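User: I keep running into words like "buried" and "core" in my course. Could you walk me through where such labels come from?
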Amino acid sequence: MYDRILVPTDGSEGMSRVVDHAVELARFHDAEVHGLYVIDTGSYATLPVETTWDGVTEMLREEGELALESLETMTGDLEVVTAIEKGAPSKQIVEYARENGCDTIVMGTHGRGGLDRILLGSVAERVVRSSPVPVVTVPVGDTDVDPGDDEPEASVTQ
């Protein structure tokens, strides 16, 4: 069912849950895993004018390389195709999935709600709304979990 699974990463601690889920899917479907880190160029707007774009870009690229190395380590013996792109994260994730024939996207969601979600937006939500392939969202970080549950379940949206 799945031949290529895209795993966008921001390098955060909660990514291990996302990667575990992606690895399980990849092993079950004998699928290829793609790791993607997006340098959010929109975040440049808040930088002081005297900041050099090249310096910031290089710093963020290094951060992306570390995030992808971590993802590769978490996948164990699975081979991972990695890429770093620049732009708006949600748009780049969807574009990468289209251009590389990915069959599904497995990504984390921080489970923000209410005002935080309105003010900050949600990359995962924008990907779900615009993706041509199913998106599996895995809760990471602080999430509302039923005390009777061991772990929140991942959800698939098409």
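**Where the labels come from**

Analyst: Sure, let's start with Ser90, which lies in helix α3 (residues 89–99). Keep in mind that this is a predicted model.

User: What makes Ser90 count as buried?

Analyst: Buried means under 20% relative accessible area. Ser90 has 8% relative accessibility, so it gets that label. Leaving out residues up to four places away in sequence, Ser90 touches Val123, Arg126 and Val127.

User: And why is Val81 called partly exposed?

Analyst: The label partly exposed sits between the 20% and 50% cut-offs. Val81 has a relative accessible area of 31%, so it is partly exposed. You'll find Val81 in strand β3 (residues 80–87).

User: How do you know that Val81 and Val33 are 6.3 Å apart in space, C-alpha to C-alpha?

Analyst: That value is computed from the model's C-alpha atoms, and in sequence the two are 48 residues apart. Val33 is also among the residues Val81 touches, together with Glu32, His34, Gly35 and Tyr96, once residues up to four places away in sequence are set aside. Touching here means heavy atoms within 4.5 Å.

User: What span is expected for helix α1, and what does α1 reach?

Analyst: Helix α1 covers residues 15–29, which is 15 residues. The expected span is 1.5 Å times one less than the number of residues, which comes to 21 Å here, and α1 reaches 21 Å from its first C-alpha to its last. Right after α1 comes Asp30, whose phi is positive, near 50°.

User: Which residues of α1 are buried, and which are exposed?

Analyst: The buried ones are Met15, Val18, Val19, Ala22, Val23, Leu25, Ala26 and His29. They cover an arc of only 165° around the axis, so they sit on the same side of α1. Over on the other side of α1, Glu24 and Phe28 are exposed, and exposed means over 50%.

User: What makes β5 largely enclosed by the rest of the structure?

Analyst: Five of the five residues of β5 are buried, so β5 is largely enclosed. Val135, Thr137 and Pro139 point one way from β5, while Val136 and Val138 point the other way, and all are buried. Strand β4 (residues 104–109) is mostly covered too, with five of its six residues buried.

User: How do you know that β4 pairs with β5 (residues 135–139) and with β1 (residues 4–8)?

Analyst: Two strands pair if at least two bridges are found between them. There are five bridges between β4 and β5, which run parallel, and two between β1 and β4, also parallel. For example, Ile105 stands opposite Val135 in β5, Thr109 has Pro139 as its bridge partner, and Ile5 has Thr104 in β4.

User: Which residues touch the most other members of the largest nonpolar core?

Analyst: That core has 19 residues, and Ile5, Val7, Val18 and Val106 touch the most other members. β1, α1 and β5 each give two or more residues to this core, and α1 gives the most, with seven. Ile5's contacts, leaving aside neighbours within four places in sequence, include Ala22, Leu25, Ala26 and Val106. Apart from this core lies another one, of 15 residues, among them Ala97, Met107, Val127 and Val133.

User: Why do nonpolar side chains tend to be buried together?

Analyst: I can only give you the trend here: in soluble globular proteins, nonpolar side chains tend to be buried together.

Definitions and conventions. Residues are numbered from 1 along each chain as its sequence is written. This is a predicted model: local features need pLDDT of at least 70, side-chain atom pairs count only at pLDDT 80 or more; totals for chains, interfaces and linings use all residues. Side-chain values use heavy atoms; hydrogens and water are left out. Helices (H or I, at least four residues) and strands (E, at least two) are DSSP runs, numbered from the N terminus. Buried means under 20% relative accessible area, exposed over 50%, partly exposed in between (1.4 Å probe, protein chains only). The arc is that of the directions from the helix axis to the C-beta atoms. A nonpolar core is a set of buried Ala, Val, Leu, Ile, Met, Phe, Trp, Tyr and Cys residues joined through side-chain atoms within 4.5 Å.
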